[in-house]
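Me: Before I rely on any label attached to this model, I would like each one to be set against its criterion. Could you take me through them one at a time?

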Amino acid sequence: MKRTRGPVTVSVPPDLTTRFEELARAEAKNKSQLFRDVFTTYEQRRREEEFVGLQRYGVTQARKKGILTEADVEALVFHGR
């Protein structure tokens, strides 16, 4: 039978363990559920930060080429079509 879950072992300081367990109780979740939620939230935040970084890069490159407005983008995209 194929496993649907995989174990993850982490070591954290005792105070963090206590806080994690308290948070799990407060959220009415077991530690596995809370870890999945925390990991998913962290992963989403990283993707958002990466997206913002790509936007900043794009803005920098566009400015270097004199593309400053939506109209400039449309003119570039639709030029020659």
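The exchange below takes up salt bridges, exposure, a helix and a pocket.

Reply: This is a predicted model, in which local features need pLDDT of at least 70 and side-chain atom pairs count only at pLDDT 80 or more, while totals for chains, interfaces and linings use all residues. Residues are numbered from 1 along each chain as its sequence is written, and side-chain values use heavy atoms, with hydrogens and water left out.

Me: Why is the contact between Asp-37 and Lys-29 called a salt bridge?

Reply: A salt bridge requires a side-chain nitrogen of Lys or Arg within 4 Å of a carboxyl oxygen of Asp or Glu. The side chains of Asp-37 and Lys-29 meet at 2.2 Å, N to O, so the pair satisfies that criterion. The structure holds 5 salt bridges, one of them being this pair.

Me: What makes Asp-37 partly exposed?

Reply: Buried means under 20% relative accessible area and exposed means over 50%, with partly exposed in between (1.4 Å probe, protein chains only). Asp-37 has 34% relative accessibility and therefore counts as partly exposed; its partner Lys-29, with a relative accessible area of 29%, is likewise partly exposed.

Me: How do you know that Glu-43 forms a salt bridge with Arg-47, and how are the two placed in helix 2?

Reply: The closest N and O atoms of Glu-43 and Arg-47 are 3.9 Å apart, which is within the 4 Å limit, so the pair qualifies. The two residues are 4 residues apart in helix 2, which means that about one helical turn separates them. Glu-43 is partly exposed at 35% relative accessibility, and Arg-47 is partly exposed with a relative accessible area of 49%.

Me: What makes the span of helix 2 close to the expected one?

Reply: Helices (H or I, at least four residues) are DSSP runs, numbered from the N terminus, and the expected span is 1.5 Å times one less than the number of residues. Helix 2, residues 31-64, has 34 residues and reaches 49 Å from its first C-alpha to its last, close to the 50 Å expected.

Me: Which residues lie closest to the centre of the largest pocket, and what is its volume?

Reply: The largest pocket has a volume of about 650 Å³. Of the 19 residues that line the largest pocket, the closest to its centre are Val-8, Val-10, Phe-20, Lys-31 and Phe-35. A pocket is an open set of points on a 1 Å grid over the protein atoms alone, with protein on both sides within 12 Å along at least five of seven lines, and lining residues have an atom within 4 Å of a point. Helix 2 gives the most to this lining, with 7 residues.

Notes
On a 1 Å grid over the protein atoms alone, a cavity is a set of points where a 1.4 Å probe fits but cannot get out, and a pocket is an open set with protein on both sides within 12 Å along at least five of seven lines; lining residues have an atom within 4 Å of a point. Grid points are joined across faces, edges and corners, and a volume is the space filled by probe spheres set on the points.
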